[in-house]
Amino acid sequence: MTSSTTPRVLSIAGSDPSGGAGVQADLKSIAANGGYGMAAIAALTAQNTVGVTGVHVPPPEFLRLQLDTVADDIRIDAVKIGMLAEASVIDVVADWLARRRPPIVVLDPVMVATSGARLLAPAAEDALRRLLRHADVVTPNLPELAVLAGEPEASGWNDALAQAARLATEHGVRVLVTGGHLGGASSPDALVKPGGAITEFPGARLETAATHGTGCSLSSALATRRARGEAWEIAIDTAKTWLTDAMRAGSALAVGHGNGPVDHFARLHDEQPEDHAAAWWRDCADIRAQIDALPFVTSLGDGTLDRERFRSYLAQDALYLREYAKVLGRASALAPSPEEELFWARCARGCLESELQLHTSWLGAERGGCTPLSRVNRAYLDHLSAAGPDYGTIVAAVLPCFWIYRDVGERLAARSHPEHPYAAWLATYADPSFAESTMAAIRWAGLAATRTDAGGRARMARAFRLSAHHELAFFAQ
Ligand SMILES: Nc1ncnc2c1ncn2[C@@H]1O[C@H](COP(=O)(O)OP(=O)(O)O)[C@@H](O)[C@H]1O
Ligand SMILES: Cc1ncc(COP(=O)(O)O)c(N)n1
């Protein structure tokens, strides 16, 4: 029961009955980012998009019961902490973390709602500071950062970074300072580590009223993505990109008259990882039709292909695979999660093994430089090694080699028979494990497309189509 790739993420926060902030936002955010969401309610608010009309704090002992009951049964992969309202509630959470801390803890130090209402008693600020040492990351906005640091609010971004560095170093905690409250055209965030190392995440400021619950949504997305294996910097980057899309789509929800919620599921309506890859594939229908019609391909299918022609194709293929494996290795090195890293590394290894296999079964002793690299092969390999520098563009560039071989191979294999001269070769590309790798490569490339911005997606689409062109030339050479 502990091997699921869907992380179990617990929100400990306040309830917002209007659904835009608090545990309601957290649960949507966790789900939208690929986690299983749970929520222990620390406080109730009566609020809407305009303001907070009341706060009710249930007995802290009841929060302790919720936390222990969930933890008794369920392995918690990450916890996101939001509104805690009072010192007695914070103490319960601190005690629970001391006893049963899940591996990932993100603390959003909620103090004041976007609408201006206080969500943390001033007397509880010290208790919240004491909670910092239990967290991996704390995600203050500018006013919250000032309170935690015990200093006046930063007057600008550089000031805020210096303040965050002091807080990070004093409490030994990573600080993700969010720039939503900065004036001006940008809304940057920055990860500041104890000792002061800073990673900035630039962002343009959107002109939108859909800002209710942005802090809650960001911190839950971050906890979820980190629990999915993304490194902190990658998790912040992907969470921020996701939140920006959700904010952009928020006003279309038309919820309330004040600062409305973000649309956590904006991507569900218009963007699935598979949709991107499917669009690239559709966009290459012309190239694929040309590949199917090539004499090389049709004669390979009916077994009439000249043997020498086939051998020289295989010799080029072997040269190609050795270089292609290096590009897969580069994808592995840049992969944002351990699963992706392992997947591309396995593919690289599989490629090198196929290359060896080609030599032992088809090319004999010809290994090691007897066949010169053809011009067409060189052009394809140049394109692949120039792909990038980002992970998304590299995986989009390597994808057609999987997908087109899988597609062509499957149809050719249907024409195979025991006496077919190329039966063994045809079987390779119709193999179920190759189909599985192809499906996984499509999924990972599609996921990479959802993590990047519109410019990144356009680069991926171009890289995919260019590779498909090179595939056509390779078959035609
Ligand atoms: N108008 C905006 N445009 C783009 N991003 C924003 C905007 N307002 C807030 N954000 C982003 O939303 C997240 C939460 O920011 P912030 O407003 O600072 O926190 P909080 O909601 O806790 O007050 C950050 O990633 C921030 O950059
Ligand atoms: C229950 C609850 N928790 C947190 C917030 C902060 O929301 P915001 O992210 O808009 O500052 C809120 N308004 N209500």
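**Notebook: a sheet, two ligands and a helix pair**

I started at one pair of residues: L176 stands opposite L191 in strand 8. I noted at once that this is a predicted model.

**Entry 1: the sheet**

I looked up the strands around that pair. Strand 7 (residues 174–178) and strand 8 (residues 189–192) pair in the antiparallel sense, over four bridges. I reminded myself that strands of a sheet pair through backbone hydrogen bonds, either parallel or antiparallel.

Next I traced the whole sheet. I found an open sheet of nine strands, with mixed pairing. I wrote down the order as 3-2-1-4-5-6-7-8-9. Which strands stand at the edges? They are strand 3 (52–56) and strand 9 (198–201). Each has a single partner strand, so one side of each is left without a neighbour in the sheet.

Then I checked for helices on the sheet. Helix 6 (residues 157–171) packs on it and touches strand 7, strand 8 and strand 9. The direction of helix 6 makes about 155° with that of strand 7. Helix 7 packs on the sheet too, touching strand 1, strand 4 (78–81), strand 5 (104–107), strand 6 (137–138) and strand 7. I read about 165° between the directions of helix 7 and strand 4.

**Entry 2: ligand 1**

I listed 19 residues around ligand 1. N141, T178, G180, S187 and G215 come nearest. Helix 7 (214–227) and helix 8 (232–250) are the elements that give two or more residues to this shell. Which helix gives the most? Helix 8 does, with four residues. By class I noted four nonpolar, twelve polar and three charged residues.

**Entry 3: ligand 2**

I found 18 residues surrounding ligand 2. The closest are G14, A21, G22, A113 and G215. Strand 1 (8–15) and helix 7 each give two or more residues to the shell. The classes here are seven nonpolar, ten polar and one charged.

**Entry 4: a helix pair**

Last, I turned to helix 16 (residues 391–413) and helix 18 (residues 432–451). I noted that two packed helices are described by the angle between their axes and the distance between the axes. For helix 16 and helix 18, the angle is about 150° and the axes are 9 Å apart. Angles over 145 degrees count as roughly antiparallel, and helix 16 and helix 18 are therefore roughly antiparallel to each other. Their crossing is left-handed.

Which residues meet? Helix 16 brings several, including Y391, L399, F402 and W403. Among those in helix 18 are F434, I442 and W444. I sorted the contact by class: 14 nonpolar, three polar and one charged residues.

Technical notes: Residues are numbered from 1 along each chain as its sequence is written. Chains are lettered from A and ligands numbered from 1 in the order in which they are written. This is a predicted model: local features need pLDDT of at least 70, side-chain atom pairs count only at pLDDT 80 or more; totals for chains, interfaces and linings use all residues. A residue is near a molecule or strand if its C-beta atom, placed from the backbone, lies within 6 Å of it. Ala, Val, Leu, Ile, Met, Phe, Trp, Tyr, Cys and Pro count as nonpolar, Asp, Glu, Lys and Arg as charged, and the others, Gly among them, as polar. Axes are lines fitted to C-alpha atoms, for helices over the stretch in contact, and angles run from 0 to 180 degrees between N-to-C directions. Angles under 35 degrees count as roughly parallel, over 145 as roughly antiparallel, 65 to 115 as roughly perpendicular and the rest as oblique. A crossing is left-handed if the near helix is turned anticlockwise from the far one by less than a right angle, and right-handed if clockwise. Two residues are in contact if their C-beta atoms, placed from the backbone, lie within 7 Å. Two strands pair if DSSP finds at least two bridges between them.
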